[in-house]
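Visitor: Please take me through one part of this model in detail, starting from a single residue and working outward to what packs around it. I would like the cut-offs stated as you go.

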Amino acid sequence: MADTYEEEEYNAHFSGSTLRRILELLRPHWRWTLGFLLTVAATAGLDALFTYISAHIIDDGILARDRDALIRLMALYGGLQVVQAGLVFGFIYLVSMLGERIRYDLRKTLFNHIQDLSLAYFNQTPVGWMMARVTSDTERVGGMVTWGLLDIVWAIVNITSAAVFMFIINWRLALIVLIMVPILVVIAAQFRKKILVEFRAARKLNSRITAAFNENITGVRVVKALGREDENIGEFSLLTSQMYQASYRAAWLSALFLPVVQIISALALGAIIYYGGVQAHLGFITIGGIQAFVSYVTFMMWPVQDLARVYAELQHAIASAERIFSLSDAVPEVHDRPSAIDPGNLHGEIEFDHVDFYYEDKKPVLTDFSLRVQAGETIALVGPTGGGKTTIVNLLCRFFEPKSGVIRISGRDYTDLTLHAIQSRVGIVLQTPHLFSGTLRENIRYGRLDATDAEIEEAARLAGAHDFIVTLEKGYDQDVGEGGNLLSTGQKQLVSLARAVLAQPEIFIMDEATSSVDTLTEALIQKGMHTLMEGRTSFIIAHRLSTIKRADRILVIEAGRIAEMGTHAELLRQGGRYYHLYTQQFRRQLEEEYAI
Ligand SMILES: Nc1ncnc2c1ncn2[C@@H]1O[C@H](COP(=O)(O)OP(=O)(O)OP(=O)(O)O)[C@@H](O)[C@H]1O
Ligand SMILES: [Mg+2]
């Protein structure tokens with residue numbers, strides 16, 4: 001299914017403003033661009049000039065039997081060839097460098113922008129889609145503004161300068177040839193378009209075939225168990241035969257294209273030779289002139305075809321650019337207000353004041369949610385799945401902002417603070433912790449970049465991660481693999497805890513893992529958590545009875561509201577929801593713990 005994000009429909013239309021924005025990418029590199037355009041134009045112009053000089057070589061040198069003229073013209077021809085060779089080197093070098101610069105600029109812009117986007121954007125946008133923007137779309141746009149532009153300039157200059165020389169030689173013949181150009185362009189463009197449609201259809205079918213293949217193989221047990229083999233084979237052969245049809249049509253059109261172009265230019269050639277012969281008879285054109293025309297017609301086929309190809313590529317590039325710009329224009333929903341400040345010190349007093357919140361679907365998640373937390377207090381959030389626990393901590397970290405109501409930290413509306421002021425003071429350990437590829441040391445240091453190695457070890461010790469780290473072959477220099485996949489979930493949590501300890505946050509948030517880890521690691525995680533909770537405001541989405549019991553207050557969150565609030569003992573006494581939760585879920589845990 002990797003193709004899903006690639007194969008969106010291209011709106012085959014030219015969008016002037018997008019084209020302008022694409023060209024603006026060249027503005028910072030205008031010197032290089034200018035140099036590149038001039039060298040290409042000069043090279044293409046020289047090409048047409050060579051044919052013109054050959055006409056003179058034939059007429060004034062060979063047919064006139066004038067040895068001096070022959071030598072002079074040959075020297076001119078040779079000299080210009082050397083110049084052209086230099087120009088070719090110049091533009092290939094410039095176009096390659098320019099292409100790399102543009103891709104670099106685009107990728108950097110996109111990457112930086114993605115870092116700034118709010119979580120809300122990531123919610124709505126598949127990661128694969130964003131990846132494709134940064135990789136294949138930047139590639140395509142970079143190619144267009146360089147090699148595509150090269151082809152366009154080349155074709156235009158080549159055709160125009162050839163036209164000029166043809167008019168100089170004989171205007172009647174020139175008119176015949178120039179009628180051919182638009183006809184060829186239109187035919188070539190039509191062919192390209194049709195071939196492209198078939199190719200695209202074939203590619204789409206191909207990705208569906210891959211997906212079907214994948215599903216059938218990975219799900220082979222289910223397929224067999226349900227006796228679905230025959231239906232699946234039927235579906236699959238339908239897809240493959242559709243793909244065959246599309247590829248067949250594309251191949252047929254591709255094969256037809258060149259002969260058609262050739263026949264048209266052969267007709268033009270025939271006309272030139274016949275009409276040129278008549279004109280020569282009347283003394284209006286020389287033999288060299290006719291020869292030049294024959295060359296011009298033969299060579300003109302290529303730039304014309306190039307134009308048709310570039311036209312098709314340009315449409316793709318515009319579609320790519322539109323997607324790139326849609327990403328780079330996305331405004332982060334959560335951003336610093338112009339007057340936002342970082343007050344330097346914040347203590348962890350937190351207040352949710354009549355907060356309402358919903359995600360994109362507008363289905364209310366938190367309604368009129370109010371809560372006051374003293375600095376240093378530990379809050380345990382418990383409750384049924386989907387109740388809104390993660391949402392509460394997401395709001396607290398300001399990954400999202402309340403739709404109405406206010407969240408205050410240290411008595412200040414937190415939208416008056418910079419995002420950095422808040423997020424640098426919050427340490428968060430996720431349910432499924434994320435590590436970056438790199439060493440353990442680097443991953444812990446992520447919590448505070450200027451930490452020394454000794455501080456990192458100290459943090460790991462406090463978090464309970466040190467013991468397992470030193471048993472590893474390379475210790476702190478062990479690589480954790482992509483996303484930390486060389487470590488177990490429990491180990492990853494320990495490393496995340498160490499990272500949070502190092503950061504010395506004023507507010508600590510943890511989404512306790514529900515997945516079972518071995519009892520030893522479990523105990524280490526608990527110890528690390530307690531170290532962190534010590535003396536700082538903590539929000540723990542708790543699944544472990546031991547954590548819950550330790551909390552100063554337990555909040556039972558249900559349907560976005562605080563259903564019950566109090567200490568463990570108080571809530572048990574009430575005999576309400578918490579009591580039920582306790583008797584159903586935690587009693588079992590308790591029994592397990594005693595059983596060990
Ligand atoms: N990113 C999101 N986009 C849209 N709706 C969401 C999103 N995240 C959560 N929700 C919805 O908001 C509600 C609260 O979800 P939340 O994740 O806060 O629950 P939770 O209490 O953390 O549940 P759990 O115990 O399963 O983690 C649910 O109805 C959920 O469907
Ligand atoms: Mg959750």
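**A helix and its partners**

Guide: Methionine 131 has its place in helix α5; helices here are DSSP runs of H or I with at least four residues, strands are runs of E with at least two, and both are numbered from the N terminus. This is a predicted model, in which local features need pLDDT of at least 70 and side-chain atom pairs count only at pLDDT 80 or more, while totals for chains, interfaces and linings use all residues; side-chain values use heavy atoms, with hydrogens and water left out. Residues are numbered from 1 along each chain as its sequence is written, and chains are lettered from A and ligands numbered from 1 in the order in which they are written.

Methionine 131 is exposed, at a relative accessible area of 53% (exposed means over 50%, buried under 20%, partly exposed in between, with a 1.4 Å probe and protein chains only). Its C-alpha atom lies 9.8 Å from that of phenylalanine 111, and the two residues are 20 apart in sequence.

Helix α5 covers residues 127–169, and its axis comes within 6 Å of the axis of helix α9 (residues 287–328), crossing at roughly 155°. Axes are lines fitted to C-alpha atoms, for helices over the stretch in contact, and the angles run from 0 to 180 degrees between N-to-C directions. The helices α5 and α9 are therefore roughly antiparallel (over 145 degrees; under 35 is roughly parallel, 65 to 115 roughly perpendicular, and the rest oblique). The crossing of α5 past α9 is left-handed, a term used if the near helix is turned anticlockwise from the far one by less than a right angle, with right-handed used if clockwise. Sorted by class, the α5–α9 contact has 24 nonpolar, 7 polar and 8 charged residues; Ala, Val, Leu, Ile, Met, Phe, Trp, Tyr, Cys and Pro count as nonpolar, Asp, Glu, Lys and Arg as charged, and the others, Gly among them, as polar.

Helix α5 also packs with α3, at an angle of about 150° and with the axes 9 Å apart. That makes α3 and α5 roughly antiparallel. The α3–α5 crossing is right-handed, whereas that of α5 and α9 is left-handed. In the contact of α3 with α5 there are 15 nonpolar, 7 polar and 4 charged residues.

Helix α3 has 50 residues, and the 73 Å from its first C-alpha to its last is close to the 74 Å expected at 1.5 Å a residue; the expected span is 1.5 Å times one less than the number of residues. At the start of α3, a side-chain oxygen of aspartate 66 comes to within 3.2 Å of the backbone nitrogen of aspartate 68. A polar contact is a pair of N or O atoms within 3.5 Å; within protein, one must be able to donate a hydrogen and the other to accept it, and residues adjacent in sequence count only if both atoms are side-chain atoms.

Helix α3 (residues 67–116) has a further partner in helix α2 (residues 30–63), with an angle of about 160° between them and axes 8 Å apart. The pair α2 and α3 is thus roughly antiparallel. The crossing of α2 and α3 is left-handed. Their contact has 25 nonpolar, 9 polar and 2 charged residues.

On the C-terminal side of α5 in sequence comes helix α6 (residues 171–218), whose 48 residues should span 70 Å at 1.5 Å a residue; the end C-alpha atoms are 69 Å apart, which agrees. At the start of α6, a side-chain oxygen of asparagine 170 is within 3.0 Å of the backbone nitrogen of arginine 172.

Some residues elsewhere in the chain can be set beside methionine 131. Histidine 530 lies in helix α16 (residues 519–533) and is buried, at 16% relative accessibility. Its C-alpha atom is 9.7 Å from that of leucine 462, 68 residues away along the chain. Methionine 510, in strand β7 (residues 507–511), is buried at 1% relative accessibility. The C-alpha atoms of methionine 510 and valine 429 are separated by 4.7 Å, with their positions 81 residues apart along the chain.
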